[in-house]
Amino acid sequence: MTYTILGRCAKTGRLGIGIATYSITVGRYAHSTRSNAGVTVSQANANENNNAIALRLLAQGLAAPAVLEHLKANDAWHSYRQIGVIDRTGAVAAYTGSNVRGWAGEVTGENYVSTGNGLRGQHVAEAIAKGFLAEPGADLEHRLLTALEYGRDAGGQGNATTHRTERSAALQVSSRHSHPDIDLRVDLHDKAVDELRRVWTVYKQYEGYYADRGRNPRGAIGQEAFMASMKGA
Amino acid sequence: MTFSIIARCPTTGRLGLGVTTFSIAAGGRCEGIRFGAGVCKTQAYVKRDNDLIALELLAQGMTPAGVMAALEAGDPDHDWRQIAIIDREGRTCAHTGPGCRPWAGHHEGDGFVAFGNVLAGPEVIDGIVAGYLRDPGADLEFRLLAALEGGRDAGGQVGSEGHLTERSAAIFVASEPDHFDIDARVDLHDDAVTELRRVLEEFKIYEKFYRDRGYRPDLAMSQAEFVASLPRKADA
């Protein structure tokens, strides 16, 4: 049981993932983005090697549908997996194996994949896509978080009679650097999507400072002084 | 303001990294660990590309000292960095630039490096080392956690306005090329090392279940069934 949004910003080409689930430490499955390559996820009985393989294939320029076919061909148990891929052109591919548990499926469009399993129903996957499309001009990380929030608010994980809370969540976005721009996690929490929004909101205040002090250490102020300047602003 | 440990388990060859700091989401800036290559962690004033460059060089078999020389040659601000490197054989190299905020320093041990900046003093490094060495037979992730706890309990970080709490923390351990064995993080918390122990101990309960259902999903029970099978917590 997991729901995920993969997205590519049509304006900037930035690539990202937002993921939330009942399982703990889901961020371990969300090393999912690579600059100028693509974004991918493997979930539901996740094959933990898939992300690394997919990102290498995407970096070589394979299109999303070809990457998906390679992952399936490489995995005897792919009928138990759920996979999503977006390549650097914004082309998408998604797959839900026939043995994945609960309601499972995807809603896809140019530049996005909404995918989930063990969900309350199709309407959750549709809500995630709607959340991603709600503010097309906003920063990609905000759009990914909004998609998760729409999924949560549409009922999230469970079935007709039970609901499962989000115990972990993660957000990762890459653009032009060898490392991600944003890589945030909530590993164990009662309301992980809410907490991920909180972490991101606080982190955004520091994002520029953390980047600048590394690039220009000779002129950098200490973090205590930076925080004092925030309070004074 | 950060204290960290990188290490190679002498028994298994697993590679690990533990970090904690006043900054937020430190675990999201730790790309420098790869099984078969080594570990590199740059902190203080961070050049984000360093760790990935170092992994490429370590993967080619360069020694940690050779990698450090290459990083220095590519960085006019090397004096502001704190860098520790360990290779796949356990050899180490460490650098604490004079531009790092005090107190800053490192200790290279047999197969590990403890290092930090904006600390209470050298006793914090001693605490990290003592924590790491306390139980050499333990799993590497718990040795790394004990090291972070040792640093915290020895006084941790002290900045211009006094003690700074740990707001984020992370532990990574790798024994396979394409994913981490252990990848546990706390990104924003008042007591991040304590919270990291809670996360790691909870993860250890699920570790085998998560791994096995990936390898043999046809044999896996559902997570609801797995959770129901767990012994009830005594204090629940």
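**Helices packed on the sheet of chain B in the predicted model.** Helix 1 of chain B, residues 50-59, crosses strand 3, strand 4 and strand 5 of that chain. The direction of helix 1 is at about 155 degrees to strand 4 of chain B. Helix 2 of chain B, residues 64-73, also packs on the sheet, where strand 5 and strand 6 of chain B are touched. Between helix 2 and strand 5 of chain B the angle is about 150 degrees.

**The open sheet of chain B, with strand order 3-4-5-6.** Four strands make up this sheet, and their pairing is antiparallel. At the edges stand strand 3 (33-34) and strand 6 (92-96) of chain B. Each has a single partner strand, so one side of each lacks a neighbour in the sheet.

**Pairing of strand 4 with strand 5 in chain B.** Strand 4 covers residues 38-44 of chain B and strand 5 covers residues 81-87 of chain B. The two run antiparallel and are joined by seven bridges. Ala44(B) has Arg81(B), in strand 5 of chain B, opposite.

**The contact between chain A and chain B.** Chain B contributes 43 residues to the contact, and chain A contributes 39 residues. On the side of chain B that touches chain A, strand 12 (182-186) and helix 5 (192-215) of chain B each supply at least two residues. Helix 5 of chain B gives the most to this side, with eight residues. By residue class, the side of chain B that touches chain A consists of 18 nonpolar, ten polar and 15 charged residues.

Note on methods
Residues numbered from 1 in each chain as written. Chains lettered and ligands numbered in written order. Predicted model: local features only at pLDDT ≥ 70, side-chain atom pairs only at ≥ 80, totals over all residues. Contact = placed C-beta atoms within 7 Å. Nonpolar A, V, L, I, M, F, W, Y, C, P; charged D, E, K, R; others polar. Pairing = 2+ DSSP bridges. Axes fitted to C-alpha atoms, helices over the stretch in contact; angles between N-to-C directions.
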